[in-house]
Amino acid sequence: MGSRVELFAAIRRDARVDEVSIRELARRHGVHRRTVRQALAAAEPKARKAPTRSAPRLDPFKDAIDGMLRADLVAPRKQRHTATRILARLIDEHAATGLSYSTVRDYVRVRRAQIDLEGGRRLEAFIAQHHGPGEEAEVDFGEVWVVLGGVKTKCYMFVLWLSHSGKAIHRVYPTQAQEAFLQGHIEAFDAIGGIPTKHIKYDNLTSAVTAVIHGPGRARNENDRWVLFRSHYGFDAFYCQSGIEGAHEKGGVEGAVGWFRRNHLVPSV
């Protein structure tokens, strides 16, 4: 778990979805029951002193590790490098000192997935989508031009589109900053009278995502304020793939943006 905000969000989500006891939540997340009670009481953790981090010692050896993992692309499955073997080779062949097993293991886990994907070992499958009533929604911003005080002004339209019914909520803001992003959600939830029970789909908006973790899957580093917002309202985020690969995953809301512009923002005379 990347941060304490994300830990609290995960605990609150499991409590909401699975309805398990505090004891089970503590066991599941490897924390004290006191921490679980704190998460259930408030989405935002109490502030604590940030730990100091030592300078990374793995940097000089990352190229060597990547070379071992690339060699594994053509190696028999049972003869590929483990993190233990990689650490041993770094010590024997590169005179590495001061490296811990956990540091090597964590790097190998991420880089192996990335290198496997680059080498074509892991392929993504496409599955036909089914959207149950009230389960899913999509969110996006679209540029719109309006006349304010006689001046043509570019604004940004927040759209939340419900995947099952096709109903959409539109709100126009002067910016697409995080304040508008969050306010758009609040007004949309008020308008539809609820919150999607499964997830809401997004691009990798900077209001929500601070970094895309490359490799298989959809792991993201999220903005703490956004994680706190999701935890408070009790919904999950689904992040679409970057670029053309993710274009088909959020077509509903993109179509809703265009439809609204053509039907409500084109002059009639």
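**Salt bridges and a five-stranded sheet**

Helix α2, which spans residues 22-29, holds both Glu24 and Arg27, set three residues apart, or about one turn of the helix. In this predicted model, the two side chains form a salt bridge, with 2.6 Å between their closest N and O atoms. Glu24 comes out as partly exposed, at 22% relative accessibility. Arg27 is exposed, with a relative accessible area of 58%.

Next up is a pair that reaches much further along the sequence. Arg112 and Asp72 meet through their side chains in a salt bridge, at 3.3 Å from N to O. This one ties together distant parts of the chain, as its partners are 40 residues apart: Arg112 belongs to helix α6 (residues 101-118), while Asp72 sits in the loop between α4 (62-71) and α5 (83-94). Asp72 has a relative accessibility of just 2%, so it falls under the 20% cut-off and counts as buried.

Back to the Glu24 and Arg27 pair, which turns out to have company. Salt bridges with shared partners join Glu24, Arg27, Arg13, Asp14, Asp18, Arg28 and Asp236 into one network. Within that group, Arg13 and Asp14 make a side-chain salt bridge with an N to O distance of 4.0 Å. Arg13 is partly exposed, with a relative accessible area of 32%, whereas Asp14 is buried at 11% relative accessibility. The full tally for the model is 17 salt bridges.

Now for the sheet. Five strands make up an open sheet with mixed pairing, running in the order β3-β2-β1-β4-β7. The edges are taken by β3 (168-173) and β7 (237-239); each has a single partner strand, so one side of each has no neighbour in the sheet. Direction aside, neighbouring strands here are turned against each other by 30 degrees on average.

At the β3 end, the pairing can be followed down to single residues. Strand β2 (residues 151-162) runs antiparallel to β3, and six bridges connect the two. In this pairing, Leu160 is found opposite Ile169 of β3. Helix α9 (residues 251-264) packs on the sheet and touches β1 (136-148), β2 and β3. The direction of α9 makes an angle of about 25 degrees with that of β1.

Methods. Residues are numbered from 1 along each chain as its sequence is written. This is a predicted model: local features need pLDDT of at least 70, side-chain atom pairs count only at pLDDT 80 or more; totals for chains, interfaces and linings use all residues. Side-chain values use heavy atoms; hydrogens and water are left out. Two strands pair if DSSP finds at least two bridges between them. Helices (H or I, at least four residues) and strands (E, at least two) are DSSP runs, numbered from the N terminus. Axes are lines fitted to C-alpha atoms, for helices over the stretch in contact, and angles run from 0 to 180 degrees between N-to-C directions. Contact means heavy atoms within 4.5 Å. Buried means under 20% relative accessible area, exposed over 50%, partly exposed in between (1.4 Å probe, protein chains only).
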